[in-house]
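Let's take a walk through this model together, residue by residue where it helps. Keep the viewer open and follow along.

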Amino acid sequence: MDSAIRIGRTASRTVLEYFMILAIFLGSLVMWIGLPVGWLWLVTRVVKGNPEAFAAALFGCPVTMTLLGLLLARLNASYLRLSGGHAEQHRTAWLKSLSGERGARRPRTVLETSMTISVVLALVAITIWFFFFAHSYMPGLPAP
């Protein structure tokens, strides 16, 4: 059955699927790297010398990340409809019995995979920045 679905696919549909995969991956990167950096950059450019203004970034960043996450979920649902897959409802592992039946693992969606990769990349980037590029402003230490 899967081969019959693949045979009926046009080239433009396949290109659109790849474009949607790319959009989901880039959106995930923007969500975990671009938005926090963008909010910090915006706050430092707009408000000079007012540390309370960083509260705007502490509120605005999670709100925009949530909105982008909802957009990515819709894009993933559109991709699943286009590719012939469907989002299945599964019980999470912690809700299942330890002695219960063990079925095959379900395949990961494009959104789950891209979110995992982008979070790992964001953690690596923040670690590199913190240890190699951030300057300490601790009392008693020289400022850069």
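Start at Leu111. If you set aside its neighbours within four places in sequence, Leu111 is in contact with Ile24, Ser28, Leu72, Ala73 and Asn76. Keep in mind that what you're looking at is a predicted model. Leu111 itself sits in helix α4. Is Leu111 buried or exposed? It's buried: the relative accessible area comes out at 15%, and the cut-off for buried is under 20%.

One of those partners deserves a second look. Leu111 and Leu72 are 39 residues apart in sequence, yet their C-alpha atoms are 7.5 Å apart in space. Now turn the view around and look out from Leu72. Not counting residues up to four places away in sequence, Leu72 touches Ala23, Ile24, Gly27, Ser28, Met31, Leu111 and Met115.

Leu72 also turns up in the core. The largest nonpolar core has 14 residues, and Met31, Leu72 and Tyr79 are the ones with the most contacts inside it. Which elements give two or more residues to this core? They are α2, α3 (54–83) and α4. Of these, α3 gives the most, with 7 residues.

Stay on helix α3 and find Asn76. Asn76 has a relative accessible area of 7%, so it counts as buried. Leaving out residues up to four places away in sequence, Asn76 touches Ile24, Thr109, Val110 and Leu111. Ile24 and Leu111 may ring a bell: Leu72 touches both of them too.

For a contrast within helix α3, try Leu71. Its relative accessible area is 53%, so Leu71 is exposed; the cut-off for exposed is over 50%. Leu71 and Ile24 are 47 residues apart in sequence, with 9.4 Å between their C-alpha atoms. So right beside each other in the chain you have Leu71, which is exposed, and Leu72, which is among the residues with the most contacts inside the largest nonpolar core.

Something similar can be seen back on helix α4, where Glu112 is found. Glu112 has 29% relative accessibility and therefore counts as partly exposed, whereas Leu111 is buried. The C-alpha atoms of Glu112 and Ser28 are separated by 9.7 Å, although the two residues are 84 apart along the chain. Ser28 is one you've already met, as a contact of Leu111 and of Leu72.

Next, go to Leu40, which lies in helix α2 (residues 11–46). Leu40 has 47% relative accessibility, so it counts as partly exposed. Leu40 and Phe54 are 14 residues apart in sequence, and 7.8 Å apart in space from C-alpha to C-alpha.

Now for the surface. Where is Phe131? You'll find Phe131 in helix α4, which covers residues 110–133. At 59% relative accessibility, Phe131 counts as exposed, and Phe130 is exposed as well. Both residues belong to a nonpolar surface patch of about 1100 Å², made by Val120, Leu123, Val124, Ile126, Ile128, Trp129, Phe130, Phe131, Phe132 and Phe133.

The rings here are worth a zoom. A pair of aromatic rings is described by the distance of the centres and the angle of the planes. How many aromatic pairs does the count come to? The count comes to 1 aromatic pair. The rings of Phe130 and Phe131 have centres 5.1 Å apart and planes at 80 degrees, so this pair is edge-to-face; the angle cut-off for that label is over 60 degrees.

Finally, zoom out to the whole protein. There are 4 helices and 0 strands, and from the N terminus on, the elements run α-α-α-α. Of the 144 residues, 20% count as buried, with Leu111 and Asn76 as two examples. The protein exposes about 11400 Å², and carbon and sulfur atoms supply 71% of that area. As for contacts between residues at least 6 apart in sequence, 74% join residues at least 24 apart. The contact of Leu111 with Leu72 fits that description, since these two are 39 residues apart in sequence.

How values were computed. Residues are numbered from 1 along each chain as its sequence is written. This is a predicted model: local features need pLDDT of at least 70, side-chain atom pairs count only at pLDDT 80 or more; totals for chains, interfaces and linings use all residues. Side-chain values use heavy atoms; hydrogens and water are left out. Buried means under 20% relative accessible area, exposed over 50%, partly exposed in between (1.4 Å probe, protein chains only). Contact means heavy atoms within 4.5 Å. Accessible areas come from the Shrake-Rupley method with a 1.4 Å probe; for residues, only the protein chains shown count as cover. Patches are made of residues with over 30% relative accessible area and no salt bridge: like charges are joined within 9 Å, nonpolar side chains (Val, Leu, Ile, Met, Phe, Trp, Tyr) within 5 Å. A salt bridge is a side-chain nitrogen of Lys or Arg within 4 Å of a carboxyl oxygen of Asp or Glu. A nonpolar core is a set of buried Ala, Val, Leu, Ile, Met, Phe, Trp, Tyr and Cys residues joined through side-chain atoms within 4.5 Å. Rings of Phe, Tyr and Trp (its six-membered ring) pair if their centres lie within 6.5 Å; planes under 30 degrees apart count as stacked, over 60 as edge-to-face and the rest as tilted.
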